[in-house]
Amino acid sequence: MEQNDNKVNKTMTTQPGMSDVVLGCVMPYIDDPKDRDAVSLVCRRWYELDALTRKHLTIALCYTTSPDRLRRRFRHLESLKLKGKPRAAMFNLIPEDWGGYVTPWVNEIAENFNCLKSVHFRRMIVQDSDLEVLARSRGKVLQVLKLDKCSGFSTDGLLHVGRMCRQLRTLFLEESSIIEKDGQWLHELAVNNSVLMTLNFYMTDLVKVRFEDLELIARNCRYLVSVKISDCEILDLVGFFHAASVLEEFCGGSFNDQPERYSVVSFPPRLCRLGLTYMGKNEMPIVFPFASLLKKLDLLYALLDTEDHCLLIQRCPNLEVLETRNVIGDRGLEVLARSCKRLKRLRIERGADEQEMEDEEGVVSQRGLMALSQGCLELEYLAVYVSDITNASLQYIGTYSKNLCDFRLVLLDKEERITDLPLDNGVRDLLRGCEKLRRFALYLRPGGLTDVGLGYIGQYSPKVRWMLLGSVGGSDAGLLEFSRGCPSLQKLEVRGCCFSERALAASVMQLTSLRYLWVQGYRASDSGCDLLAMARPFWNIELIPARRIVMTDQVGEADVVEDPAHILAYYSLAGPRTDFPETVIRLDTSATGVEL
Amino acid sequence: MSRATVELDFFGMEKANSGKTQFQKFLDRRRSFRGIQGAISKMNPELIKSVISSGSTNRSPVDWRKSFSVPSSPKEDRSSPVSSLPILNPAFMSSSSEDGPDTAPLTIFYNGTVSVFNVPRDKAESIFKLAVEGSSKNIESTDSSKISNPSSEQQNLLETRNGDLPIARRKSLQRFLEKRKERLTCASPYAW
């Protein structure tokens, strides 16, 4: 007994703290990336144990590190998420060939990552050859493949996935730009896979897929829970819905026939997340029988007016997530506030600009926001395009929306006169009231927020990690005041503001947590060198100079627009990029003799 | 600044379009040109006659070397180049409305000089913008104390700089709105 005690004592004196064995058992329970980050900094032993046991990694920008470094540290990774192009790419603001190629990563994965089961590429360039390499090397164990807003590949690349990745639980292609050759890839998937749970090619414009293959997948895959497709005719999916007995989520489809014909459509019994594209007021009633079960409703691509929204929403008391366009109107928001007390996430996107195309009532303003904040107290995520706004409505949000983690407000530029600007006090009160806020976006117009208001943002956003600021502030002084605060700000996007290069560079140096900056629209210096005030080790600075792009507007006419210059700056352990297209310029800090 | 406004009124190119003010319409285009003022000062005065005579038919995109400026002249004489322009201008104006968005003459009165250029409309707009930006920078530096309550003029100037970038639309929604429009046009081609 005493000998055992001595042994234990000896272990404790030579290795203070937990033994490796104990630590190895405890560490896998630590999942949160911030916790893991902290754990890895304690000492070398803990760093190594973290490296051995970390299951998932998200690399927020693929150029911040290299495949080589990843392999050296996290060889046993099971799940990887990589992001490429700046977020602005989702708004057509980034050149298609900007970068974010998965090839070097796929090659490294193929060769060395033997435990990897889940791969998620977001806003990256993927080629058919990459898919072939991935499928061949990891196909036997790959369970999750997400090509999220990616481009550069065709349905031929997906053929390899369908043929060789027979353990796939999730195939996610949402919003990717895919060159469509045929629908054979879906057939291969249908024929080779029986464990698929999530299939998503929503918003991909793939039209050659056969509904018979969808039906086959539903019959073969007993655990099929979520299916989001492109514009397949709903009447062709009757068989699919019948076979997909455990389906909980469905989005996509289209309604091309007479409304009466859709009464034959019977949805699976557990369906509680729904988004029927091109659904109009006459087809809407097919949802009514199970509307009370709905937890998530996607009306972004539906053809409903304000009244339709009211009629549908009032039947959905269990709604937790709603996405729609501003056609919902203030009246729809009032119905939402009365009916959907469990609402957690609300996203209101911008509808068409032309009057004829959207409901007259289809505008969201302070009236709707005030009702919403008072009625939906569990709100965690709110993103909204408004046509009018007041300080009071923002104060309401600060008072009532105590669970808000993510708030995004864009003031549309159609109306010339806004009821109550500047929004300094409202923004201050919102930030002070919403203590859990982690993500914040404010896109206004000149006069929308003064330098004082910008200073408030800096002062009252202690936990905010990501921010988008559009057309705010009045001068460099505002930006500098802002950057004295925001202690947690890691990623900053600035658009359409009047700040100078000098002020941008100075603010970067003041923001203590900043690791990523994107700017479009700024006052360039004559020499273009004022940016170099932020030159420092491991800080990459890139420019996308002003360019002319051809954009097709809503009327289908091609319009040549001038796209102002961008600044992109980020910390990187991998040194400056080497895979530049012509449209990107790397700011070479060494050339000007700046000492690093 | 007020001179730029005079030029805008003078041309009246945006009369047809509704909604925004003329001023804002020009600034819808986003462009930054540097050195335009430098280029202006290098104009060849000899070209004035040939350009005036060919101006109404000239449709080519702007070539700075073809443009010109009349060097400053004593006050008594200024009336002669100025008086010749009103005669020319109606001709230019009618031809510019015929030409539509193509090249039209742009006349700039500045600091005792008169300069006439043959420019496409979008380049003309960017010149106006640049002139406004140049004058607004001066105003901003002297009026820093009035930031929180800008005068309406200052507001205008801020608008010129910040209002350049329209709010971008999400790709997925853009595509949906286009497709919706197609569907409506196919369904009822005579609705419009």
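A salt bridge here is a side-chain nitrogen of Lys or Arg within 4 Å of a carboxyl oxygen of Asp or Glu. A:Glu215 and A:Arg219 pass that test, with their closest N and O atoms 3.4 Å apart. Keep in mind that this is a predicted model.

**Salt bridges**

Both A:Glu215 and A:Arg219 sit in helix 10 of chain A, four residues apart, about one turn of the helix. A:Arg219 is exposed, at 53% relative accessibility. Across all chains, the whole structure has 45 salt bridges. Side chains of opposite charge can pair when their charged atoms come close. Here are three of the pairs, with their N to O distances.

| Positive residue | Negative residue | Distance, N to O |
|---|---|---|
| A:Arg219 | A:Glu215 | 3.4 Å |
| A:Arg210 | A:Asp213 | 3.3 Å |
| A:Arg502 | A:Asp476 | 3.5 Å |

How buried or exposed are A:Asp213 and A:Arg210? A:Asp213 is buried, with a relative accessible area of just 3%, while its partner A:Arg210 counts as partly exposed at 40%.

The bridge between A:Arg502 and A:Asp476 spans 3.5 Å between the closest N and O atoms. This pair ties together distant parts of the chain: A:Arg502 belongs to helix 19 (residues 501–510) and A:Asp476 to helix 18 (residues 476–483) of chain A, 26 residues apart. A:Asp476 is buried, at 10% relative accessible area, and A:Arg502 is partly exposed, at 46%. Elsewhere, A:Arg36, A:Asp50, A:Arg54 and A:Arg73 are joined into one network by salt bridges that share partners.

**Patches on the surface**

Turning to the outside, A:Lys34, A:Lys436, A:Arg438, A:Lys463 and A:Arg515 form a positive surface patch. One of these, A:Lys463, sits in the loop between helix 17 (451–459) and strand 18 (466–470) of chain A. A:Lys463 is partly exposed because its relative accessibility is 43%, and the cut-offs for that class are 20% and 50%.

There's a nonpolar patch too: A:Met18, A:Val21, A:Val22 and A:Val26 make up about 320 Å² of surface. Among them, A:Val21 lies in helix 2 (residues 20–26) of chain A and is exposed, with a relative accessible area of 63%.

**Buried parts of chain A**

Why is helix 13 of chain A described as largely enclosed by the rest of the structure? Eight of the eleven residues in this helix (residues 329–339) are buried, so the rest of the structure largely encloses it. The buried set consists of A:Gly329, A:Asp330, A:Gly332, A:Leu333, A:Val335, A:Leu336, A:Ala337 and A:Ser339. Their cover includes helix 12 (306–313), strand 13 (321–325), strand 14 (345–349) and helix 14 (366–375) of chain A.

Loops can hold buried residues as well, and A:Leu196 is a case in point: its relative accessible area is 0%. A:Leu196 sits in the loop between helix 9 (184–192) and strand 8 (198–200) of chain A. Leaving out residues up to four places away in sequence, A:Leu196 touches A:Leu168, A:Arg169, A:Thr170, A:Leu171, A:Leu189, A:Ile217, A:Cys221, A:Tyr223 and A:Leu224. As for A:Arg136, its C-alpha is 19 Å from that of A:Leu196, and the two are 60 residues apart in sequence.

**Backbone oddities**

Most residues other than glycine have a negative phi, and most peptide bonds are trans. Three spots in chain A are worth a look on that score. The peptide bond from A:Leu421 to A:Pro422 is cis, with omega near 0°. A:Pro422 falls in the loop between strand 16 (406–411) and helix 16 (424–433) of chain A.

A:Arg123 has a positive phi, near 55°. Its loop runs between strand 3 (118–122) and helix 7 (128–138) of chain A, and A:Arg123 is buried at 4% relative accessibility. A:Met203 also has a positive phi, near 60°. A:Met203 is in the loop between strand 8 and helix 10 (211–220) of chain A, and is buried with a relative accessible area of 14%.

**Chain B at a glance**

Chain B has eight helices and three strands, and from the N terminus on they run α-α-α-α-β-α-β-β-α-α-α. Of its 192 residues, 38% count as buried. Among contacts in chain B with a separation of 6 or more, 61% are between residues 24 or more positions apart. The accessible surface of chain B is about 10,800 Å², and carbon and sulfur atoms account for 55% of that surface.

Key. Residues numbered from 1 in each chain as written. Chains lettered and ligands numbered in written order. Predicted model: local features only at pLDDT ≥ 70, side-chain atom pairs only at ≥ 80, totals over all residues. Heavy atoms only, no water. Patch = residues over 30% accessible without salt bridge, like charges linked within 9 Å, V, L, I, M, F, W, Y side chains within 5 Å. Areas by Shrake-Rupley, 256 points an atom, 1.4 Å probe, with all protein chains shown as cover. Lys, Arg positive; Asp, Glu negative; His and termini not counted. Charge placed at Lys NZ, Arg CZ, Asp CG, Glu CD. Helix = DSSP H or I, 4+ residues; strand = E, 2+ residues; numbered from the N terminus. Buried < 20%, exposed > 50% of the residue type's maximum accessible area, 1.4 Å probe, protein only. Contact = heavy atoms within 4.5 Å.
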